[in-house]
Every structure is written in structure tokens, then in C-alpha cells.
Amino acid sequence: MTHEEPTNFLYPFIDPQEENPQSLLADLAASAQAKAAESLALRRSTLESNVELLDRAATEMARRFAAGGRMFAFGNGGSCTDSTTLAGLFARPPIGGPAKSLPAWSLTADQAIVTALGNDVGFELVFARQLIARANSGDIAVAMSTSGSSPNLLAALAEARQRGLYTVGFAGYDGGAFADNPNVDVCFIVRSQSVHRIQESQALLGYQLWLAVHERGAGNLGVA
């Protein structure tokens, strides 16, 4: 019978027999500093490697918003939270700027819809069926993922492409099935093996995308 804590893998450097609290605190501080440095380096390199894609995506998204297009964001698990945050960000105008709110929604925000579709037609179609009901040609679909290979996201992207939406993917690792996918117009890849670091960098990419869209809109986008 083992008495090890199930979270020991998070801090393998901690000796359970350690009786010096100062040494333990020093190890924890060093671990936190190393993770912060790793996160900062990855965010910087990710922004540098995605400069051209950010420009391309922001230009097209600004054009679509100006023409009355809307954005629909979606994801699973932690990426569900991230996609909801991104949609909320786009729906909020910059403080002190002339720009207006942009029409952006999260397809995971309504629990009744998500659970009804999951129960009635299957979880793989919870996002695709919402796009069928709500999206039009000229809109924007944003799929957020760490793996880039979730079946329900791929199904939604395929549906979005068929309906004339501009499709944006966020993925980690090597991009998974999002990479070089004909149903994905732009794919932002965070090249890391850590889910935590991937999502941190995706959050920054999303923020930069929001800023870039507003910069190209010159205050003429969105709705009052």
C-alpha cells in the first residue's frame, strides 16, 4: 500500500522526508520562477512566429465585422473557458477608444443548448449544429484547442467552411489535425508539450488578435 500523494508528480523535487522548511520554500520559489521564465519565453517566441498570421487573420476578420459578420468561438474543457473569454473580449470595446462592441458569442455559454444537443444528436455535433442554426456566410468561426484534433471541433470547422465562414484555429503541440487542414483558414500553433504553457500563449495570441482587429477597424466596426 502506498502513502504517496497523487499530486507528487507536480513537484518531484520535494523530498517527503525534508524537515527544513526554508529549503522547501526555496525549492518552490525556484520552481515557480522557472515556470514563469518558460512561459514568458514561449509567449514571446509564439508571437514572433505568428506575426504574419495575426496580420492576415485580423485583416480578414475586420473586413467581415465591418460588413456585418459575427464571431462564434468554441472549445472543450479548459479551451471552453478560453473561447468564452475570447468571445467576451471581442464583445467588449477598447477602453477610451472610439470602437464599438463586436458581435461575438461563445457556443459553450448556454448549458441548455450544449446538453440538449449532446443528448439528442451526440457530443461530436454540439458546435456544428449550432453553426447550422445561427451562422451565415460572412461570419467567423474560432476553434480553440490544445491538441488541435478534437472531433467536435473538426466537425464544426468543416460545417463552418461549407457555410462560408472564415475559420480560425488555435492549437498546441504540432497543430494536430488543425494544421494544414483545408477547413482552417488560419491556424495559430503554440509549439509546446505543456497544456498550461499552451493555453497561456493562446490567451496572449487571442488578445493580440483582438487588438489587431480594432486597429484595422479604425472605430468603424461592430454595433452600438
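Here is a short walk through the structure, stop by stop, with something to select at each one.

**Whole chain.** Keep in mind that you are looking at a predicted model. Colour the protein chain by secondary structure and you should find seven helices and five strands. Starting at the N terminus, the order is α-α-β-α-β-α-α-β-α-β-β-α. Of the 224 residues, 41% count as buried. Switch on a surface: the chain exposes about 11,800 Å², with carbon and sulfur atoms supplying 54% of that. As for contacts between residues at least 6 apart in sequence, 70% of them join residues at least 24 apart.

**Strand β5.** Select residues 186-190, which make up β5. How many of the five residues are buried? Five of five, so the strand is mostly covered, taking buried as under 20% relative accessible area. Now show the side chains. In a regular strand they alternate between the two faces of the sheet. Here Val186, Phe188 and Val190 sit on one side, with Cys187 and Ile189 on the other, and both faces are covered.

**Next door, β4.** Add residues 166-172 to the selection; that is β4, which pairs with β5 in the parallel sense over five bridges. To see where the two strands match up, pick glycine 172 and look across to valine 190 in β5.

**Helix α7.** Move on to residues 195-217, the extent of α7. From first C-alpha to last, this 23-residue helix reaches 33 Å, close to the 33 Å expected at 1.5 Å a residue. Its buried residues include Arg197, Leu205, Leu209, Trp210 and His214.

**Glutamine 202.** Stay on α7 and zoom in on glutamine 202. Is this residue buried or exposed? Buried, because its relative accessibility is 1%. Follow the side chain: one of its polar atoms lies 2.8 Å from the backbone oxygen of serine 145. Leaving aside residues up to four places away in sequence, glutamine 202 touches Asp82, Met144, Ser145, Phe170, Ala171, Gly172 and Val190. You have already met two of those names, Gly172 and Val190, as opposite partners in the strands.

**Arginine 161.** Last stop: select residues 151-162, helix α6, and pick out arginine 161. This one is partly exposed, with a relative accessible area of 28%. Beyond residues up to four places away in sequence, arginine 161 touches Thr167, Pro182, Asn183, Val184 and Asp185. For a distance to try in the viewer, go from its C-alpha to that of isoleucine 140: they are 21 residues apart along the chain and separated by 9.7 Å.

How values were computed
Residues are numbered from 1 along each chain as its sequence is written. This is a predicted model: local features need pLDDT of at least 70, side-chain atom pairs count only at pLDDT 80 or more; totals for chains, interfaces and linings use all residues. Side-chain values use heavy atoms; hydrogens and water are left out. Helices (H or I, at least four residues) and strands (E, at least two) are DSSP runs, numbered from the N terminus. Buried means under 20% relative accessible area, exposed over 50%, partly exposed in between (1.4 Å probe, protein chains only). Contact means heavy atoms within 4.5 Å. Accessible areas come from the Shrake-Rupley method with a 1.4 Å probe; for residues, only the protein chains shown count as cover. A polar contact is a pair of N or O atoms within 3.5 Å; within protein, one must be able to donate a hydrogen and the other to accept it, and residues adjacent in sequence count only if both atoms are side-chain atoms. The expected span of a helix is 1.5 Å times one less than its number of residues. Two strands pair if DSSP finds at least two bridges between them.
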